[in-house]
Every structure is written in C-alpha cells, then in structure tokens.
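Here is a short report on a protein chain. Please look over the sequence and the structure before reading on.

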Amino acid sequence: MKKPSEKDSGVNAPLLPKFRQQQQQHEEEKQEENIPRARSASVSGAVFNVSTSIIGAGIMSIPATLKVLGVLPSIILILFVAVLSDISVDFLLRYTNSSKSYAGVMGESFGKVGSVVLQVCIMVATLGTLIIYLIIIGDVLSGSESDGSVHLGILQEWFGIHWWNSRAFTLFCIVIFIMLPLVLLRRVESLRFTSAISVFLAVVFVVISSVMAISALWQGTTQTPKLLPDLAHQTNFLELFTAVPVIVTSFTFHFNVHPIVAELSKPSDMVSAVRISLVLCASIYCAVGYFGYALFGESTMADILANFDQSLTFTLGPLLNDTVRLSYALHLILVFPLLNFALRVNIDGLLFPKWPLLSTHTIRFTSLSFFLLAFIYIAAIAVPNIWYIFQFVGSTTAVCIAFVFPGAIVLRDVHGISTRRDRILAAVMIVLAVIASSIAVSSNVMSLLRSNQ
C-alpha cells in the first residue's frame with residue numbers, strides 16, 4: 001500500500017479553509033455581477049443622495065434653535081457642526097480598508113462588539129426617524145389632535161372629513177403605492193432622481209418662507225429676530241445646549257456614506273460630493289432657520305410646520321400655507337427610501353452576517369423590505385406621538401454615529417496611518433460630542449420633571 005504523503009495526511013490542512021474562503025469570496029463577487037452594480041454613479045447623483053440623507057425632519061426644528069440661541073450663535077453652530085461632519089466623514093473614508101460599510105470599519109477597529117454597537121445605534125436612529133416621518137406625513141395630510149385642539153390636514157381642509165382621508169387609510173395608500181416601489185430599488189444610485197426632487201422641495205420651502213418673512217418684516221407684522229440669546233429670561237442656562245443635538249441630528253448621514261461611495265465610478269469623488277452637499281445643506285438650514293424665526297418670532301414652535309397651520313395676514317396666506325405643508329410632506333416621502341436603505345442593510349448585517357450581499361438575495365431582500373415597511377406603518381398609527389422618546393435617542397445615537405465612533409476609529413488606528421493632527425481632532429471631537437450630549441440629556445430630563453410637577 002502506498003504511504004500517504006504529508007499533503008494527504010492533512011499536514012497542510014490549514015490551507016484548505018483559506019482556499020474555501022477565497023472560493024466563497026469569488027462566488028459572492030460573481031453573484032454581485034448578476035445585477036447591474038457597475039460603478040457608474042455620477043457625482044451629481046451622490047450629491048443629491050447625500051443631501052437627501054442630511055435634510056430630513058430635523059429641518060423643521062432649526063428655527064426653534066434660533067429662538068433658543070439667537071441668530072448668530074445658531075448660524076455659527078450650524079457651520080461648526082458641518083465642518084465637524086466633513087472631518088468625521090473624511091476619517092471614515094480614509095480609514096476604510098476592505099470594508100464596504102460603516103459597520104465593517106467599526107468591526108475592523110473594535111471587533112464584533114464594535115460592529116454590533118454601531119448597527120444597533122443606526123437601527124434605533126433610523127427606525128425612530130422613519131416612524132416620525134410617517135407621523136408628520138399623517139399630520140400634514142390627515143390632521144392631528146393635541147391638548148384637546150384639532151388641527152385639520154390638507155386633505156380634510158380641501159374635501160372635508162371622510163373615511164378615505166383618515167390617517168390610517170391615507171398612510172396606507174402612500175406606503176403601498178409610493179414608498180413600497182421606492183424601497184424595493186436595490187441600488188442607492190436609483191434614488192438619485194427622487195433625491196433631486198426632495199432637495200428641490202426643500203429649496204421651495206426656503207423660498208416661500210423667505211418671501212413670507214421678508215413681507216412680514218416689511219409690513220411690520222413681526223419682530224426683528226434677536227441676534228443673541230436672551231439670558232435674562234432664560235429659565236436654565238443649560239437649556240441652551242438642547243439645541244446642539246437638533247443640529248447634530250440634522251447632519252447625521254454617515255451610515256449612507258459607504259453605500260453611496262461603492263457605486264461611484266471614482267470613489268475619490270465622494271470627498272467633493274460630501275463637501276458640496278454640506279455647503280448646500282448648511283445654506284438651506286441657515287436660510288430656513290432665519291426666515292422661519294423671522295416669520296413667527298417668539299411664537300416659533302419646536303416643529304415650525306405647526307405654525308403654518310395658523311392663519312397668516314397675507315392675501316395668499318392659505319395657499320402658501322398649504323404649499324409649504326404639502327411640499328414638506330412630499331419631501332419626507334422621497335427622503336424615506338434613502339434612510340430605509342441604511343436601516344435595512346444594518347439589520348441584515350446584524351441578523352445574517354455570513355450570508356451573501358442582501359441585494360443579491362431576492363427572498364431575503366423582499367421579505368425584510370416588506371417587514372420593515374409594515375412595522376413602521378403600524379408604529380406610526382399605534383403611537384402617534386413619540387417626540388420625547390426620540391428626543392433622548394437623538395441626543396445619544398446620532399452623536400455617536402456622527403462623531404464619537406469616527407473619532408474612536410482614528411484613535412484606535414488599527415492600520416497605523418493616523419497623524420498627530422488626526423488624533424487631536426478625533427479626541428476633541430469625542431470630548432465635545434460627549435459633553436454636549438450629556439448636558440442636553442440632563443437638561444431634557446430636568447425639563448420633563450418640571451413639566452410633570
């Protein structure tokens with residue numbers, strides 16, 4: 001009998017798993033080719049997708065931050081957070097090695113625990129935001145009731161109160177006929193046209209608000225906005241810090257960076273796309289904040305959309321009110337699929353980490369899409385008021401996603417590429433984020449305790 005060689009006896013067996021891993025990776029690459037995933041996305045498409053990821057429900061709270069902080073500190077804060085966002089995204093792009101997602105980068109630096117913590121934060125932040133989107137859309141179209149007062153929606157104002165324009169049926173139609181086809185698109189680049197429309201609708205809101213504010217200032221029907229905070233009438237100095245999480249949440253888009261850059265023909269173009277988007281969105285935020293605050297003054301509400309439910313002293317007041325509310329609802333409808341994309345990818349990565357890419361597995365992709373959409377719809381109908389819950393969530397998860405985790409990746413530096421400047425910026429970013437978030441959460445807790453007394 002022939003004596004078995006070393007190779008046959010298993011001495012070289014450790015090479016086998018490596019070969020199988022390479023073979024499995026090759027099969028996954030072949031599966032990716034089964035769908036059109038060529039790197040053909042344009043810079044303009046990336047700009048629109050990043051801008052849409054940034055501008056969401058947070059835009060309606062920007063005027064309230066100017067009411068709390070004053071015009072100058074708020075604008076400085078918006079620009080400062082935009083610069084920090086650019087730095088943190090640059091960290092994520094430069095410290096990405098072979099990973100195709102934010103969670104993968106965290107996994108390279110902190111192992112499985114780091115990846116799971118990030119995925120949980122992204123899921124909580126995006127899921128809460130998407131539920132709030134549906135709640136706001138329902139409020140705009142079908143009205144709402146708060147503190148005993150009823151606010152009619154646009155459909156009820158136009159056609160009266162009927163079963164077919166109730167909140168449940170209206171949202172059901174929007175989810176089935178508009179959102180479902182959009183969330184079933186497998187590539188982020190496929191959403192570039194809806195993203196462009198959503199950015200245009202945000203600009204429409206800015207233009208209408210500015211025209212109304214300038215007209216009100218000219219007629220003397222509103223007060224000139226205060227430039228600095230009114231500390232004499234401020235009940236608690238720490239309440240000034242509650243504006244910080246609102247701005248930070250408004251610039252949290254980091255979970256969509258890797259899916260967008262993966263489809264660019266030149267990944268290096270992502271840096272330019274992010275900076276263009278940040279300049280565009282910071283300009284929109286400053287304009288919305290100033291003109292919204294100038295229009296309603298000290299009566300500016302936390303959600304300025306509620307102010308547009310009031311009767312304004314303009315000839316075209318009702319028409320402008322409906323235009324603003326309707327454009328905002330359409331904007332959220334078109335933003336919804338992009339955030340849903342990030343939520344779906346992170347849930348799949350947490351539940352099925354060793355499976356092929358989600359976009360290559362039709363059954364898993366479709367099932368998860370239907371389940372998430374149904375859950376968000378049911379939550380928006382069953383729990384119509386969840387603002388306080390996600391106010392605390394936004395003070396924690398959004399800050400971690402935008403600044404704490406990117407800074408921690410730089411300080412960990414598993415690839416040995418960080419510079420002294422990188423480490424200083426990362427440390428400062430983490431310290432500022434933790435301090436501002438802690439103060440904001442403490443202030444929110446004290447405000448709730450005082451309101452319940």
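The report goes from the overall fold to the core, the surface and the cysteines.

## Overall fold

This is a predicted model. The protein chain has 16 helices and 2 strands. It holds 453 residues, and 48% of them are buried.

Contacts reach across the sequence. Take the contacts between residues at least 6 apart: 82% of these join residues at least 24 apart.

## Nonpolar core

The largest nonpolar core counts 121 residues. Six of its members touch the most others: Y102, L134, I137, M179, F251 and F336. Helix 6, residues 102-142, is the top contributor to this core, giving 19 residues.

F251 shows what such a member meets. Beyond its neighbours within four places in sequence, F251 contacts I54, I78, V81, A82 and S85. The list for F251 also includes L278, A282 and Y285.

## A buried glutamine in helix 6

Helix 6 also carries Q119. Is Q119 buried or exposed? Its relative accessibility is 5%, under the 20% limit, so Q119 counts as buried. Setting aside residues up to four places away in sequence, Q119 touches A103, N346, G349 and L350.

## Surface

The protein chain exposes about 21700 Å². Carbon and sulfur atoms supply 67% of that area.

One nonpolar patch on the surface covers about 600 Å². Its residues are W158, F159, W163, W164 and F169. W158 lies in helix 7, which spans residues 154-159. The relative accessible area of W158 is 47%; this falls between the 20% and 50% limits, so W158 is partly exposed.

In soluble globular proteins, nonpolar side chains tend to be buried together. The patch residues W158, F159, W163, W164 and F169 instead form a nonpolar area at the surface.

## Cysteines

How many disulfides does a search of the whole structure find? The search finds 0.

Why does C121 form no bond with C400? The sulfur of C400 is the closest cysteine sulfur to that of C121, yet the two are 5.2 Å apart. A disulfide needs sulfur atoms within 2.5 Å, so this pair is too far apart for a bond.

Burial can be read for two cysteines. C121 is buried, with a relative accessible area of 13%. C281 is also buried, at 0% relative accessibility.

Conventions: Residues numbered from 1 in each chain as written. Predicted model: local features only at pLDDT ≥ 70, side-chain atom pairs only at ≥ 80, totals over all residues. Heavy atoms only, no water. Helix = DSSP H or I, 4+ residues; strand = E, 2+ residues; numbered from the N terminus. Buried < 20%, exposed > 50% of the residue type's maximum accessible area, 1.4 Å probe, protein only. Contact = heavy atoms within 4.5 Å. Areas by Shrake-Rupley, 256 points an atom, 1.4 Å probe, with all protein chains shown as cover. Patch = residues over 30% accessible without salt bridge, like charges linked within 9 Å, V, L, I, M, F, W, Y side chains within 5 Å. Salt bridge = Lys/Arg side-chain N within 4 Å of Asp/Glu carboxyl O. Core = buried A, V, L, I, M, F, W, Y, C linked by side-chain atoms within 4.5 Å.
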